[in-house]
Amino acid sequence: MNPSHPRDNALAALEQIYRQSLAACAPERLVRQCAKRLPDRACVVVALGKCAAGLIEGFAAERRIERAFAAVPFGYRRNIAVSCPIEIEIGGHPEITPASFAAGRALLRFVDAAAESDVVFLISGGSSACVELPLAPWFDEAALAIANRILVDSGIPIGEINTVRKHLSAIKGGRLGSRMRHSFVTLVYSDVSTGALADVGSGPTLADPTSKDAAIELLLAVGDARCEPIAERLSEASCPETPKTLAWNDATLIADNTTLTSTAAVIASSLGFSPIQWDGQIETDVAVAARDLAERAVRLGENEILIAGGEPTVARHGDGRGGRCSELAVRFFMEGRGKRDKGREEACDLPLVPRLSSLVPLTALFASSDGVDGSSGAAGVMVSTARAQEMDVDAVRRELRGSNSMAVAERIGEAIIIPPTGNNLRDLFLLARG
C-alpha cells in the first residue's frame, strides 16, 4: 500500500474509494447530464426500479415535469421530493409479489392515460420484479411468480432470466412501449452487461432482440417440472412474440458498471494509488470469478489497486445468509486451501490455485452498489488473507453448500453495513497488497 495508507489502514482506504465512488455515481447526479440534452418543455415522467426516487429528483432539477409515476421495490427509497403530482407504487423484490402486480396495473393505467403526451421513462434495475403483469390469457400471476423464483435461484445469467421474463409479461420486452402513441424517451441507469439496455428492467420500453424459442429452451433447461406447463403455453402459436421494432423511441444510457469502475479508478488515483482496471465486466460463475481475480491479484505491485466490477452468477442451494459479494470474497480468499491434502483435492468444491496467503498479503473489498448483497444483511465485505488462512476448508465448504457465505465472510473480514444507497450499477471489487 501507499506509505500514506499504512497496512492497518488498508481496509479503510478501500472503503473510502467505495463510498466516494457511490456518491459520485448517484443517479440523481448523473441523470441531470442526460436531462439537459432533452427539449426544454414539460413532460410526463415514469420511473421504475431501485433508483426511481433519485432519477426523478435529478431529472426534475433540469426539466419541467407535468406529472409523474414511480414504481419502487419494497425496502428502497420511496420519498420523492418533486413539485408535480406523483403516483408512487411499492412492488416486490427479488420475489414477484401481489404488490408487484398491483404496481403493474397502476403503471398501465397511468401510461395509457399519458400515451399521447411527451413521456420520459427512467428505467433502473429492480423493476423486473417490482412492477409486473402476466401476458393474458396465456399466463397468470402464479406462473410468473413461480418462473421468476426458479430462474433467480438457478444461478443462470441475468440476460437469460430476462429473456424468459419478457415473454411471459404484458409489460416487459417492449410491450409497455408499444402502448405509446407519441414519441417518447427512455433513459437507462443500467445494472446489466455493457450495451444491453434492453435487459434493464427486462426492457419494458425497448424492442426485444430475444425470441420465444430461446425463452422456451431456457425454461426447459432449468430442469424444474413446474416450468414445463409454462413453456408449453409459451409455445402455442397464438401466444405472441415480443415487439421487435418500436416507433418513436429514443434510448440513452445514463450510467453502467463501467461508469462505476472508471470513477473508482479516478478516486483511487487521487488518493495516491496506481489503479489497474479489469477489462470488461465479471459475469462468470462465482468460482471462476474468484480464480480469475486471484490469479491477477497475486501479481499486484506495491501501491497498485485492482479495480473490477460486474455480477458473478451464484446458484442458491440453501437458506443461509449470503450474496454474490460475500460468496466471491470467501472463494477468493480460500483459493487453494484444499491442496494441502492431495487425497481430498477432488472432493473440494473450491477452486484450486496456489494459496494466496503463501504468495502475497492481500486486502480486498467486495460490495454491491445498491447496498444490498443478497440475503447477507450487508452491502458487502472487506477481507484480508491474514485472517483467511486461519479458516478450515471443510467448514467453509459446508457453509457454501448451504448458501451461508456471510457466516464465513464475517470471520475473515468486516461486513459493510449501509442503508440502500439509491445506486444500482452492479458490484465493485477492489483488491490491493497489504
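About 60 Å³ of space lies in the largest cavity of this structure, which is a predicted model. Under the rule applied here, the count comes to 1 cavity of 30 Å³ or more.

The wall of the largest cavity is built from Ile 96, Glu 132, Leu 144, Ala 147, Asn 148, Leu 151, Val 164, Arg 165 and Leu 168. Two elements each give two or more residues to this lining, namely helix H6 (141-154) and helix H7 (158-168). Helix H6 gives the most, with 4 residues. By class, the lining comprises 6 nonpolar, 1 polar and 2 charged residues. Glu 132 and Arg 165 are among the residues of the lining, and both of these residue types count as charged.

Attention may now turn to a single residue, Phe 184, and its surroundings. Phe 184 lies in strand S5, which runs over residues 184-189. Is the residue buried or exposed? Phe 184 has a relative accessible area of 2%; because buried means under 20% relative accessible area, Phe 184 is classed as buried.

The contacts of Phe 184 show which parts of the chain meet it. With neighbours within four places in sequence set aside, Phe 184 is in contact with Val 119, Phe 121, Gly 177 and Thr 205, and also with Ala 247, Trp 248, Asn 249 and Asp 250. For Leu 271, the separation from Phe 184 is 87 residues in sequence. In space, the C-alpha atoms of Phe 184 and Leu 271 are 42 Å apart.

Conventions
Residues numbered from 1 in each chain as written. Predicted model: local features only at pLDDT ≥ 70, side-chain atom pairs only at ≥ 80, totals over all residues. Heavy atoms only, no water. Buried < 20%, exposed > 50% of the residue type's maximum accessible area, 1.4 Å probe, protein only. Contact = heavy atoms within 4.5 Å. 1 Å grid on protein atoms, 1.4 Å probe; cavity = no way out; pocket = protein on both sides within 12 Å on 5 of 7 lines; lining within 4 Å. Points joined across faces, edges and corners; volume = space filled by probe spheres on them.
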